[in-house]
Amino acid sequence: METHQNWAGNLTYSAARLHHPTSVAEIQAIVRQSRKVKALGSRHSFNTIADTSDDLISLDRLNRVVALDPQQRTVTVEAGMKYGELGVYLHDAGYALHNMASLPHISVAGACATATHGSGDTNGNLATAVAALEIVTGEGEVTTLSREHDGETFQGAVVGLGGLGIVTKVTLDIGPTFTVRQEVYETLPRVALEEHLDEIMSSAYSVSLLTDWQNDRVNLVWLKRQVTDDTPANVAAALFGAKLALADRHPIAELSAENCTPQMGVPGPWHERLPHFRMGFTPSAGEELQTEYFVPRQHAVAALRAVTALREQLKPLLQISEIRTVAADTLWMSPCYRQPCVALHFTWWKDWPAVRQFLPTLEESLAPFDARPHWGKLFTIPAARVQALYPKLPDFRRLLQSYDPQGKLRNAFLDTYIFSAL
């Protein structure tokens, strides 16, 4: 096939063929005939988790809403549906998802399979909204797993890392639509963050901290507040020493905020405020690399101090870093499995040799806090260490083998981080 790359352009897929099926039957036929096969969503993974040698199945033409069930409060979509498009549909129908990621451009199936997250003390990652999955297994059979009927098997399947089969439909929990407003505060003193971390991170429905780790301050505090009849109209001029921004801000100070979702306390639909970036705009040209680690909440301040100690090494490599909180969940391969976390996200300049050289130093600094890496981003933690961080990993291996006995969905990534001890 012609050369195909991921969104960031740091990875060229190695598959011999790229397919764009428009039906589940087509996917079944491809899987049955293939020796090695994987699915592609919006290509926003930065590593080889979705790569394979033979057949890649793009889900970009399976992008429709299948059913809205007001009684069960669920929506079923094809796996290639993007969150931004789904948000418009749901809001127009009077409904909402519990959260969204920074980018509304990512696909539902891919985000859930890698436990991608939004933000908020009481908000689980995007995968926690999954109520059911339709999957084409490694043998080409269609099966459905649901929270209601499949218990622990379902908890293992949701964050499936692309290893159970090709996800073709996803059913998500929904609730009533709601309104959100955004306020941004600038230059939060780092001492205030350490002393008031819990108060700051719980001060809105969703909170993001943006920092370059230089100096003794956090660049931005980005608050996303749910608006109700009781929400005060006035906005505080200061937040623990940070000052209210007087104009919309981009996470990276030097860039225009025109591609960002509206701030300045202007209320709007949830799907137009919970992401940082607008659906109608490309947030960047992909000239970046991303890494993220999830640290148990009780270690948050110590982890922040550990990263701050590396500020001089970070300076030439980092564009911006984001800190968010994510609630605990019960999904086997979620980084937040049975523990609330603080997510430490790093957006690097596109210099993989330099970033790769530095990551072991960063990971060693976070190792005392049992930091788990984001499955779809760049990391260098040894496989044995990654496996030790997931108590349900042996059960997950068996689950993958039962749905894909021939190993068609296995690739170098899964062989390294899931199966290497076998």
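Modeller: Let's settle one term first: a polar contact is a pair of N or O atoms within 3.5 Å, and within protein one of them must be able to donate a hydrogen and the other to accept it. Please keep in mind that this is a predicted model.

Colleague: Thanks, that helps! At what distance does the side chain of Gln319 reach the backbone oxygen of Trp348?

Modeller: Gln319 lies in strand S18, residues 318–326, and counts as buried because its relative accessibility is 15%, below the 20% cut-off. A polar atom of its side chain lies 3.3 Å from the backbone oxygen of Glu287, within the 3.5 Å limit for a polar contact. The Gln319 side chain also reaches the backbone oxygen of Trp348, and that distance is 3.2 Å.

Colleague: Which residues does Gln319 touch, not counting those up to four places away in sequence?

Modeller: The two backbone oxygens we just met belong to Glu287 and Trp348, and each of these residues is on the contact list. Leaving out residues up to four places away in sequence, the list for Gln319 reads Ile252, Glu287, Glu288, Thr347, Trp348 and Trp349.

Colleague: Let's turn to the sheet. Which strands stand at its edges, each with a single partner strand?

Modeller: The sheet is open, has five strands with antiparallel pairing, and follows the order S4-S5-S9-S7-S8. A strand with a single partner has one side left without a neighbour in the sheet, so the edge strands are S4 (65–69) and S8 (142–146).

Colleague: And what does the twist average from one strand to the next?

Modeller: This is for the open sheet whose order runs S4-S5-S9-S7-S8. From one strand to the next, the twist averages 15°.

Colleague: Which residue in the turn between S4 and S5 has a positive phi?

Modeller: S4 and S5 run antiparallel and are joined by four bridges, one of which pairs Asp69 with Thr74 in S5. The two strands form a hairpin with four residues between them. In that turn, a positive phi of about 55° belongs to Arg73.

Colleague: Which residue in S9 is the bridge partner of Ile135?

Modeller: Strand S7 (residues 130–137) pairs with strand S9 (residues 165–173) in the antiparallel sense, over seven bridges. The S9 partner of Ile135 is Val167.

Colleague: What angle does the direction of helix H1 make with that of S7?

Modeller: Helix H1 (residues 24–33) packs on the sheet and touches S7, S8 and S9. Helix H2 (residues 83–93) lies across S4, S5 and S9, running at about 30° to S4. For H1 and S7, the angle is about 50°.

Colleague: I'm curious about Glu134. How far apart, C-alpha to C-alpha, are Glu134 and Lys169?

Modeller: Glu134 lies in strand S7 and counts as buried because its relative accessibility is 16%. Its contacts, leaving aside neighbours within four places in sequence, include Val24, Val142 and Lys169, and a polar contact of 2.6 Å joins its side chain to that of Thr168. Glu134 and Lys169 are 35 residues apart in sequence, yet their C-alpha separation is 4.9 Å.

Colleague: Now the aromatics. Are Trp213 and Phe346 stacked or edge-to-face?

Modeller: The structure holds 12 aromatic pairs. In this one, the centres are 6.3 Å apart and the planes are 20° apart, while planes under 30 degrees apart count as stacked. The arrangement of Trp213 and Phe346 is therefore, with 20° between the planes and that cut-off, stacked.

Colleague: How many residues apart are Trp213 and Phe346?

Modeller: Trp213 lies in the loop between strand S12 (206–211) and strand S13 (217–227), whereas Phe346 is in strand S19 (residues 341–348). Trp213 is buried at 0% relative accessibility, and Phe346 is buried at 0% too. The separation along the chain is 133 residues.

Colleague: What angle lies between the planes of Phe379 and Phe413?

Modeller: Phe379 is buried at 9% relative accessible area, and Phe413 is buried at 4%. Their rings are 6.4 Å apart, centre to centre, and form an edge-to-face pair; the angle between the planes is 85°.

Colleague: Last one: which ring does the charged end of Arg372 sit over?

Modeller: There are two arginines to look at here, Arg372 and Arg410. Arg410 lies over the face of Phe419, 3.8 Å from the ring centre. The charged end of Arg372 is 4.8 Å from the centre of its ring, which belongs to Tyr390.

How values were computed:
Residues are numbered from 1 along each chain as its sequence is written. This is a predicted model: local features need pLDDT of at least 70, side-chain atom pairs count only at pLDDT 80 or more; totals for chains, interfaces and linings use all residues. Side-chain values use heavy atoms; hydrogens and water are left out. Two strands pair if DSSP finds at least two bridges between them. Axes are lines fitted to C-alpha atoms, for helices over the stretch in contact, and angles run from 0 to 180 degrees between N-to-C directions. Contact means heavy atoms within 4.5 Å. Rings of Phe, Tyr and Trp (its six-membered ring) pair if their centres lie within 6.5 Å; planes under 30 degrees apart count as stacked, over 60 as edge-to-face and the rest as tilted. Buried means under 20% relative accessible area, exposed over 50%, partly exposed in between (1.4 Å probe, protein chains only). A charge sits over a ring if NZ of Lys or CZ of Arg is within 6 Å of the ring centre and within 35 degrees of the ring normal.
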